[in-house]
Amino acid sequence: MNGLTATGGVMGSEVVDSYVTTTLGNIRQADLRITVEQKEENVNVWVWVRECFYIGTEFPEAVETIVRRDVWVTMKTGQAPTQAEVPKT
Amino acid sequence: MANSAGLCTSFKVELMVADHNFGVSSATRGSTAADTFKMALYQTTATIGPSTTVYTASGEVSSANYTAGGATVTNATVPTSSGTTAYWTPSASVSWTTVTFTTDCALLYNSSRSNKAVGSYTFSSQTVTAGNFTLTMPVNAAGTALIQIA
């Protein structure tokens, strides 16, 4: 469907060792709230984003902040649309 | 100014003088291997676009695990055509692991030919934080391929 499924190996490896590399260092996956969301879709691209929010207790100042953000940009077409193809807003 | 998308005008001219080789042989240049193409990422404040003629480090993203100049694209697919459209697409995604930056543009360029620019590709501003950035290529077909000459 998109680049997320095509490149999901990173997620898989994290499940095995249960730790995720973040701005706080390696954090247990159980201490993260992970969301995956499509952020953009237009005539040229899909953009999917995975955000990891810290919910542990070791770093109270970081609770509910994003400690890791992954981005997948999947190009639908390499050509920029002509003016006639740009959707009117 | 901001980043904008499109094939670089200089690239169109350079095609006419056999400056780029996406395939495995070029009778005109006498080479038997394709050129090496790379992709670099740019900050939202950069001015990459169809008027770009060559790779520049100005405005390029900076991060641990990101090398200036970007990454080499995998090229295992020779250019081909369908109907009246010739096209080519890298054969694999381009990705960077454990990086932190904000970008909205990628520049494809020919590192075998003095870093001559090929095309720029834009998307909405995206921030990566201690994570992975993956640029997945479109389907290699007329109407969707990364480079199309119709």
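Here are some questions and answers on this structure, which is a predicted model.

Q: Which elements make up chain A, and in what order do they run from the N terminus on?
A: Chain A has two helices and five strands. Reading from the N terminus on, the order of these elements is α-α-β-β-β-β-β.

Q: What percentage of the residues of chain A count as buried?
A: Chain A has 89 residues. A residue is called buried when its relative accessible area is under 20%. By that cut-off, the buried part of chain A comes to 38%.

Q: Among contacts in chain A between residues at least 6 apart in sequence, what percentage join residues at least 24 apart?
A: Take the contacts of chain A whose two residues are at least 6 apart in sequence. Within that set, the share joining residues at least 24 apart is 44%.

Q: Which residue forms a salt bridge with E41(A)?
A: E41(A) sits in strand β3 (residues 32-41) of chain A, and counts as partly exposed at 47% relative accessibility. A salt bridge needs a side-chain nitrogen of Lys or Arg within 4 Å of a carboxyl oxygen of Asp or Glu. Here the closest N and O atoms are 2.8 Å apart, and the partner is K76(A).

Q: How many residues apart in sequence are E41(A) and K76(A)?
A: The salt bridge between E41(A) and K76(A) links distant parts of the chain. E41(A) belongs to β3, while K76(A) is in the segment after β5 (66-75) of chain A. Their separation is 35 residues.

Q: Which residues are joined with D70(A) into one network of salt bridges?
A: The side chain of D70(A) meets that of R50(A) in a salt bridge of 3.0 Å, N to O. R50(A) lies in strand β4 (residues 45-54) and D70(A) in strand β5, so this pair ties together parts of chain A that are 20 residues apart in sequence. D70(A) also forms a salt bridge with R68(A), where the closest N and O atoms are 3.0 Å apart. Through shared partners, the network joins D70(A) with R50(A) and R68(A).

Q: Are R50(A), R68(A) and D70(A) buried or exposed?
A: R50(A) has a relative accessible area of 2%, and R68(A) has 3% relative accessibility. For D70(A) the value is 0%. With a cut-off of under 20%, each of R50(A), R68(A) and D70(A) is buried.

Q: Which side chain of opposite charge is nearest to D104(B)?
A: D104(B) lies in strand β6 (residues 94-110) of chain B. The residue is buried yet has no salt bridge. The nearest side chain of opposite charge is 13 Å away, and it belongs to R69(A).

Q: Which side chain is joined to that of D104(B) by a polar contact of 2.6 Å?
A: Not counting residues up to four places away in sequence, D104(B) touches several residues, among them Y42(B), Y121(B), F123(B) and N3(B). The polar contact of 2.6 Å joins the side chain of D104(B) to that of N3(B).

Q: Why is β6(B) described as largely enclosed by the rest of the structure?
A: The strand has 17 residues. β6(B) is largely enclosed because the number of its residues that are buried is 12.

Q: How many bridges join β6(B) to strand β7 of chain B?
A: On one pairing, strand β2 (residues 37-42) of chain B runs antiparallel to β6(B) with six bridges, and Y42(B) stands opposite C105(B). β6(B) also forms a hairpin with β7(B), with five residues between them and a positive phi of about 60° at S114(B) in the turn. V99(B) has G131(B) as its bridge partner in β7(B). The antiparallel bridges between β6(B) and β7 (residues 116-136) number 13.

Q: Which strands stand at the edges of the open sheet β4-β5-β8 in chain B?
A: Three strands form this sheet, with antiparallel pairing. Two of them have a single partner strand each, so one side of each is left without a neighbour in the sheet. These edge strands are β4 (80-82) and β8 (147-149).

Q: Which residue in β5(B) stands opposite S81(B)?
A: β4(B) pairs with strand β5 (residues 85-88) in the antiparallel sense over three bridges. Opposite S81(B) in β5(B) stands A86(B).

Key. Residues numbered from 1 in each chain as written. Chains lettered and ligands numbered in written order. Predicted model: local features only at pLDDT ≥ 70, side-chain atom pairs only at ≥ 80, totals over all residues. Heavy atoms only, no water. Helix = DSSP H or I, 4+ residues; strand = E, 2+ residues; numbered from the N terminus. Buried < 20%, exposed > 50% of the residue type's maximum accessible area, 1.4 Å probe, protein only. Lys, Arg positive; Asp, Glu negative; His and termini not counted. Polar contact = N/O pair within 3.5 Å; in protein donor to acceptor, adjacent residues only side chain to side chain. Contact = heavy atoms within 4.5 Å. Pairing = 2+ DSSP bridges.
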